[in-house]
Amino acid sequence: FPIEVFGTMFRRLILNWLLSTIALLATAYLMPGMRVDGFFTALLAAVVIGLVNGTLGALLKVITFPLTLLTLGLFWLVINGLMLLLASKLTPGFYVDGFLSAFFGALLLSIINMVLHWITPGDSD
């Protein structure tokens, strides 16, 4: 791989991290029952959410795929809410009051994150 490929990958990783952090801050601002104590806490929480979703969340989505099919994909929202709730338990300064706040918070977070990625130039890959 040429050196510039790694530079591009690193820039994309940092951009995605920052966009996820901004989405989390916006979600916490808009969503009753969610709180983030500050920008650096949001940076850490964005990493934890990504790790939890990429490991346990992915495993649960594979295991519960038949249930997801039966519910026309709605069960994935439950899993996303549970992963957000777990991330709040693992991240000091990031609070989610309960499952309903996590469920609707995960939904709002996904929408905000999608919009931010959609409007960001050069992040379409």
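Lys and Arg count as positive here and Asp and Glu as negative, while His and the chain ends are left out of the tally. On that basis, the protein carries 5 positive and 5 negative side chains, and the centres of these two sets lie 6 Å apart. Please keep in mind that this is a predicted model. Here is a friendly walk through the overall build, followed by a handful of residues worth a look in your viewer.

**Overall build**

- The protein contains 5 helices and 2 strands.
- Going along the sequence, these elements come in the order α-β-α-α-α-β-α.
- The radius of gyration is 15 Å, which agrees with the value near 14 Å that a compact globule of 125 residues would have.
- Taken along the principal axes, the box filled by the C-alpha atoms is roughly 45 × 35 × 25 Å.

**Surface and contacts**

- Buried residues make up 35% of the 125 residues in the protein.
- The accessible surface amounts to about 7800 Å², and carbon and sulfur atoms account for 77% of it.
- Among contacts with a separation of 6 or more, 63% link residues that are 24 or more positions apart.

**The loop after α1, and its partner in α5**

- Pro-32 sits in the loop that joins α1 (3-30) to β1 (34-36).
- Pro-32 counts as exposed because its relative accessible area is 63%, and the threshold for that label is over 50%.
- From Pro-32 to Phe-6 is a step of 26 residues in sequence, and their C-alpha atoms are 40 Å apart in space.
- Ser-101, a residue of helix α5, touches Pro-32 along with Met-31, Gly-33, Met-34 and Val-96, once residues up to four places away in sequence are set aside.
- Ser-101 is buried, since its relative accessibility is 13% and the cut-off is under 20%.
- The C-alpha atoms of Ser-101 and Leu-85 are 8.6 Å apart, with 16 residues of sequence separation.

**Helix α4 and the loop before it**

- Leu-72 belongs to the loop between α3 (65-70) and α4 (75-90).
- The backbone of Leu-72 has a positive phi of about 55°, although the residue is not a glycine.
- Leu-72 is exposed, with a relative accessibility of 78%.
- Ser-88 lies in helix α4 and, in contrast to the exposed Leu-72, is buried at a relative accessible area of 8%.
- Beyond its neighbours within four places in sequence, Ser-88 makes contact with Phe-94, Tyr-95 and Val-96.
- Val-96 appears in both contact lists, as a partner of Ser-88 and as a partner of Ser-101.

**Helix α5 and the segment after it**

- Leu-107 is another residue of helix α5.
- With a relative accessibility of 32%, Leu-107 falls between the buried limit of 20% and the exposed limit of 50%, so it counts as partly exposed.
- Leu-107 and Phe-94 are 13 residues apart along the chain, and 17 Å separates their C-alpha atoms.
- Thr-120 is placed in the segment that follows α5 (99-119).
- Thr-120 is buried, because its relative accessibility of 17% is under the 20% cut-off.
- A side-chain contact runs from Thr-120 to the backbone oxygen of Leu-116, at 2.4 Å.
- Not counting residues up to four places away in sequence, Thr-120 touches Leu-15 and Leu-19.

Terms used. Residues numbered from 1 in each chain as written. Predicted model: local features only at pLDDT ≥ 70, side-chain atom pairs only at ≥ 80, totals over all residues. Heavy atoms only, no water. Helix = DSSP H or I, 4+ residues; strand = E, 2+ residues; numbered from the N terminus. Rg over C-alpha atoms; globule rule 2.2 N^0.38 Å. Buried < 20%, exposed > 50% of the residue type's maximum accessible area, 1.4 Å probe, protein only. Contact = heavy atoms within 4.5 Å. Areas by Shrake-Rupley, 256 points an atom, 1.4 Å probe, with all protein chains shown as cover. Charge placed at Lys NZ, Arg CZ, Asp CG, Glu CD. Polar contact = N/O pair within 3.5 Å; in protein donor to acceptor, adjacent residues only side chain to side chain.
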